Amino acid sequence: MNHGFLIDMDGVIYRGSELIPGAEKFISKLRREDIPFLFLTNNSQRTRRDVATKLMRMGINVEEEHVFTCAMATARFLARQKPCGTAYVIGEGGLTQALHTNGYSIVDHDPDYVVVGEGRSFNFEMIETAVRMILNGAKLVATNMDPNCPTQHGLRPGCGAIVAMLETATGQKAFSVGKPSPIMMRHARKELGLATSEVTMIGDTMETDILGGVEMGYNTVLVLSGGTCRDDLVNFAYQPGRVVDSIADLCDALELVAGSAA
Ligand SMILES: [Mg+2]
């Protein structure tokens, strides 16, 4: 079977710090059968190694090569657009590390780009600095536009909420690279080394995972273990190829899931 999987993490593999039943079994099966896969996350906070370690500690046996973050997609995109450029960053380690790895310098004066990711450490002074940079010609780039993110304690504001503040203040629209952007979705497929018809995207969010997958022409699977319930589906003009309660339902149906792509 020449097929691979792009797998969202939050709401698919775990919720907060809790592993979703069946996730470990599913990933073990992929590894055992040598089926290529990549975890695809719109969280730019952690580096791929940090993400792999988090998964390992939860009992999922993966390497950092199995992780692809929107921070990596953003940094690679910027490096192609403008090699060796400069960025002012509102975000955390995952984003600054990805930019450095891709030849970018992080500056606090006259940057090519203002790049925004999620994090808990930004303050109003940074927003003010970013607003002035954007008004002076720096381009506003978002790692993702997720409005919020579920945690054990309820929702927290996402990267999109921070970006909205900058957009409102400057009148400039951000360019976003994370899911559902084809930039991240296509990069991920290239990492797997597969053709469009050979890829299945598994996710819990219609607006990112499923929309991105549908637009790319990938096979899509919506899991109901995260932020979406079955009743929500009537609100969308596009539908996933398959809907399951959780990743546990896919363990015994790999061929079926992959097969429906053609
Ligand atoms: Mg998710």
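**Domain interface.** I started with the area between the two domains of this predicted model. Domain 1 and domain 2 bury about 420 Å² between them. Of that area, 37% is on carbon and sulfur atoms. I then asked which residues of domain 1 supply it. Asp10, Gly16 and Asn42 account for 76% of the area that domain 1 buries against domain 2, more than any other three residues.

**Contacts across it.** I looked up the contacting residues next. Five residues of domain 1 touch six residues of domain 2. I found two residue pairs in polar contact between the domains, both at pLDDT 80 or more. For salt bridges across this interface, my count was zero.

**Domain layout.** I noted the bounds. Domain 1 takes in 4-42 and 198-258, and domain 2 covers 71-176. Their centres, taken over C-alpha atoms, are 27 Å apart.

**Magnesium site.** I turned to the metal, with Asp10 in mind. Which protein donors does the magnesium ion have? They are Asp8 (OD), Asp10 (O) and Asp204 (OD), at 2.0 to 2.2 Å from the ion. Along the chain I read their spacing as D-x1-D-x193-D. Asp10 and Asp204 link distant parts of the chain, 194 residues apart. I placed Asp10 in the loop between strand S1 (4-7) and strand S2 (14-15). Asp204 lies in the loop between strand S13 (199-203) and helix H8 (206-216).

**Exposure of two donors.** Are Asp10 and Asp204 buried or exposed? Asp10 has a relative accessible area of 23%, so I logged it as partly exposed. Asp204 is at 5% relative accessibility, so I logged Asp204 as buried. The cut-off for buried is under 20%.

Methods:
Residues are numbered from 1 along each chain as its sequence is written. This is a predicted model: local features need pLDDT of at least 70, side-chain atom pairs count only at pLDDT 80 or more; totals for chains, interfaces and linings use all residues. Side-chain values use heavy atoms; hydrogens and water are left out. Donors are N, O and S atoms within 2.8 Å of the metal (3.2 Å for Na, K and Ca); water is not among the atoms, so sites may look incomplete. Helices (H or I, at least four residues) and strands (E, at least two) are DSSP runs, numbered from the N terminus. Buried means under 20% relative accessible area, exposed over 50%, partly exposed in between (1.4 Å probe, protein chains only). Domain bounds come from an automatic or database domain assignment. Contact means heavy atoms within 4.5 Å. Buried area is the accessible area (1.4 Å probe) that two parts lose on being put together, summed over both. A salt bridge is a side-chain nitrogen of Lys or Arg within 4 Å of a carboxyl oxygen of Asp or Glu. A polar contact is a pair of N or O atoms within 3.5 Å; within protein, one must be able to donate a hydrogen and the other to accept it, and residues adjacent in sequence count only if both atoms are side-chain atoms.
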